[in-house]
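Here are a few exercises to work through with the model open beside you. Try each task on your own, then check the steps below it.

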Amino acid sequence: MTAPAVLTVFAVALALLGPALLSRASWLERSPRIGIAAWQALSVSLVSAALLAGLSLAVPAIPWTTDLGQLIRTCAMTIVAQYSTPGGAVVSATGAAAALVILARVAYCVVADRTLAARNRKAQLDALALIARPHLRYDALVVEHPAAAAYCLPGRGRQIVLTSAALSALDHSQLLAVLAHERAHLRGRHDLILAAADSLQRAFPRIAAFRTARTELGRLVEMLADDNAARQSDRTTVATALVRLAEHGMTPVTALGAGGESALSRVRRLISPVRPLGAGRTTLAALALGILLSVPVFVAIAPASAATPMPPCPVSGQALTM
Amino acid sequence: MVRPLGTLEQLVMDRIWSWGHPVAVREVLEDLQHERTLAYTTVMTVMDNLRRKGMLTREKDGRAYLYKAAQTREQHTAAFMGEVLAGGADTAVTLLHFLEHIPPEEVASLRNALDDHLQGRKSIAP
């Protein structure tokens, strides 16, 4: 009975403290890749802790053994024992229902979001077919528009789209930097990282941790693409392209007041000296993430492995004495 | 990476947009046939699809229909890009923008940060 309690406490603590801890760790920006992994690990660990808390309520600790016949026998015995008491049955049913609800919600939101994304992608490609022209020199589509903008359409038929205003706002090297940035998004399938975070946020709208994770992942993905672009040109060029696009992009009234902080942190990061994480810190971070991911699983199976040496039920007890 | 975008719909819209007056299917067909062989029914189907998508409107003129663009190319492009740049829920799941929307006062602070850096570099360089 301790595993479900520990898992629940772990999940709650993670949801409440995790985002604050990670948001404050500004060194994550020095390696966006590790930052992304950290937020993903937090999300996965949170979901799996909740899921396993439900499951461990539903299924009592079953001793591990390599003897398959005995395993099935003890399995049946413990489950029958658990469900034969009225209280045990209620607790187990609640746990099973909770696990099922979590699983179903995540699966539903992921599938619904992917369907929507595929439909939107097709609509975007169809619309671009009518109004965009391939650029003669750059690997991008151009749309006549007075606001400078650059974006990419990931997935099948992936495209980079530039507005005519972006072409005139940027010089050749700045354009190459923007294209390298967008290509990094496309190659790294950053859309999938964000889509997964989006789906979790939609599945559990009341859990602030997923909202924070989505925002931070959005920022880190941009920084990762900035770093990629800077490797092909240089950091000042990427920063200049960013500022020039911001200056020539007209802000629609609807979007006023949204964002801005992320762009500023990207510019500051690009113009300050590069300080990539050292090997020691990277290893440490990877180790911490591994632990974060494995804690829920470990807590869930620990009672089972602890139960192994004891004869778990009369049937196997007799078998041992014979 | 960029696919050719030469769909029949695009060719038809290109012509109707640049002509700017109502046209019958036959006129579009005759112009398209300078480049490739097409059946009348093919062009008619394409134009009817475009009408159902809201790109074209039509009115009866004797026995045939005359089609014209529901919006000019500029209006259509502006409406589409407006939606894309506003980052509505429909496009948020699909597109990755280089920049999110930035309020004008934030743009100034971006510029200041960059200029400070560029000046700092210049004073070190010589």
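**Exercise 1: a strand and its neighbours**

How many bridges join β3(A) to β4(A), and do they run parallel or antiparallel?

Solution. Keep in mind that you're looking at a predicted model.

- Step 1: Count the bridges between the two strands: there are 4, and β3(A) and β4(A) run antiparallel.
- Step 2: Pick out one pair. C152(A) has I160(A) of β4(A) as its bridge partner.
- Step 3: Follow the chain from one strand to the other. β3(A) and β4(A) form a hairpin with 5 residues between them, and in the turn G155(A) has a positive phi of about 90°.
- Step 4: Now look for another partner of β4(A), which covers residues 159-163. Strand β2 of chain A (residues 141-143) is joined to β4(A) by 3 bridges, and this pair runs parallel. Here L141(A) sits opposite V161(A).

**Exercise 2: how covered is β4(A)?**

Work out how many residues of β4(A) are buried, and which way they point.

Solution.

- Step 1: Go through the strand residue by residue: 5 of its 5 residues are buried, so to speak a mostly covered strand.
- Step 2: Sort them by direction. Q159(A), V161(A) and T163(A) point one way, while I160(A) and L162(A) point the other way.
- Step 3: Put the two together: the residues pointing either way from β4(A) are all buried.

**Exercise 3: classify one alanine**

Is A76(A) buried, partly exposed or exposed?

Solution.

- Step 1: Find the residue. A76(A) lies in helix α3 of chain A, residues 68-84.
- Step 2: Count its neighbours: 13 other C-beta atoms are within 10 Å.
- Step 3: Apply the cut-offs. Buried needs 20 or more and exposed means 12 or fewer, so A76(A) with its 13 is partly exposed.
- Step 4: As an extra, check a distance. A76(A) and R105(A) are 29 residues apart along the chain, and their C-alpha atoms are separated by 29 Å.

**Exercise 4: two helices side by side**

Describe how α1(A) and α2(A) are arranged relative to each other.

Solution.

- Step 1: Look at the axes of α1(A), residues 2-24, and α2(A), residues 32-58: they come within 8 Å and cross at roughly 160°.
- Step 2: Turn the angle into a word. Over 145 degrees counts as roughly antiparallel, so that is what α1(A) is to α2(A).
- Step 3: Add the handedness: α1(A) passes α2(A) in a left-handed crossing.
- Step 4: See who makes the contact. Among them are L7(A), F10(A) and L14(A) from α1(A), and W39(A), L42(A) and L46(A) from α2(A).
- Step 5: Sort the contact residues: 17 are nonpolar, 4 are polar and none is charged.

**Exercise 5: where the chains meet**

Which elements of chain B give two or more residues to the side that touches chain A?

Solution.

- Step 1: Get an overview of chain B. It has 6 helices and 3 strands, in the order α-α-α-β-β-α-α-β-α from the N terminus. Buried residues make up 24% of its 126 residues.
- Step 2: Count the contacts: 39 residues of chain B touch 60 residues of chain A.
- Step 3: Name the elements: α1, α4, α5, β3 and α6 of chain B. α6(B) gives the most, with 9 residues.
- Step 4: Sort that side of chain B: 20 nonpolar, 12 polar and 7 charged.
- Step 5: Check the strands. β3(A) is joined to β3(B) by 2 bridges, running antiparallel, and Y151(A) stands opposite H97(B).

Note on methods
Residues numbered from 1 in each chain as written. Chains lettered and ligands numbered in written order. Predicted model: local features only at pLDDT ≥ 70, side-chain atom pairs only at ≥ 80, totals over all residues. Contact = placed C-beta atoms within 7 Å. Nonpolar A, V, L, I, M, F, W, Y, C, P; charged D, E, K, R; others polar. Pairing = 2+ DSSP bridges. Axes fitted to C-alpha atoms, helices over the stretch in contact; angles between N-to-C directions. Parallel < 35°, antiparallel > 145°, perpendicular 65-115°, else oblique. Left-handed = near helix turned anticlockwise from the far one by under 90°.
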